[in-house]
Amino acid sequence: MFLSACASPPAVVIAPKPMVVPPMLRPEPPKWSEPNLLSFHDQWKGTPYRLGGLSRNGVDCSGFVYLAYLNIVGDKLPRTVNSQRILGKEIPRNQLKTGDLVFFKTTRTVRHVGIYMGNDRFLHASTKKGVKISSLNNIYWKPRFWFAKRLKNPTAEQNMSIASLVTHVEQQDNL
């Protein structure tokens, strides 16, 4: 026997398409900010100067800039002052911004580099006092200021060009 019930077909329920809500877009704080540089300084403060050093046992000025750039910005820079000085765009001292590299001539042949923090201060590895913050107006540093450079985050193609420039500069230094 065939039984049929008096019923309407079941209602088809169509689930609404999920609504895609974009995440709240917050502007990323600048990587080269005073708080980031102060935090990096706190980690390295007092680390003694050691030529060629790249650790908390000792670090030189260009090594310190290399490590700061790697840790704060996430990119690699060349390792020496002579290689770092060819990067970026030269900036007049009165237009310095946090994160610009500041270069000094400390003797006829010796060069020094640090990272500008704002308010005429820079973070660097001093040969006498290790990692510290100094003033550009300090009686020692003011007459030795050479120039400043502003770096942008390089693209992979630019990194290849930078690598060839670094090699060229290092070869010139060895002549």
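## Exercises on rings and a helix

The charged end of Arg 111 lies over the ring of Trp 146, at 4.9 Å from the ring centre. The model is a predicted one.

**Exercise 1.** State which residue has its charged end over the ring of Phe 145, and how far from the centre.

Solution. The residue is Arg 93, whose charged end is 5.5 Å from the centre of the Phe 145 ring. A charge counts as over a ring if CZ of Arg is within 6 Å of the ring centre and within 35 degrees of the ring normal.

**Exercise 2.** Classify the ring pair of Phe 104 and Phe 145, and place both residues in the structure.

Solution. Step one: the structure holds 11 aromatic pairs. Step two: in the pair of Phe 104 and Phe 145 the ring centres are 5.9 Å apart and the planes meet at 85°, so the pair is edge-to-face. Step three: Phe 104 belongs to strand β4 (residues 101-105) and Phe 145 to strand β8 (residues 145-150), so the pair ties together parts 41 residues apart in sequence. Step four: Phe 104 and Phe 145 are buried. Step five: both belong to one aromatic cluster, together with Phe 122, Tyr 140 and Trp 141.

**Exercise 3.** Check the span of helix α2 (residues 61-73) and describe its surroundings.

Solution. Step one: at 1.5 Å a residue, the 13 residues of α2 should span 18 Å. Step two: the end C-alpha atoms are 17 Å apart, which agrees. Step three: 11 of the 13 residues are buried, so α2 is largely enclosed by the rest of the structure. Among the buried residues are Cys 61, Phe 64, Tyr 66 and Val 73. Step four: Gly 74 follows α2 and has a positive phi, near 95°.

Notes:
Residues numbered from 1 in each chain as written. Predicted model: local features only at pLDDT ≥ 70, side-chain atom pairs only at ≥ 80, totals over all residues. Heavy atoms only, no water. Phe/Tyr/Trp six-rings, centres within 6.5 Å; stacked < 30°, edge-to-face > 60°. Helix = DSSP H or I, 4+ residues; strand = E, 2+ residues; numbered from the N terminus. Buried < 20%, exposed > 50% of the residue type's maximum accessible area, 1.4 Å probe, protein only. Expected span 1.5 Å × (residues − 1).
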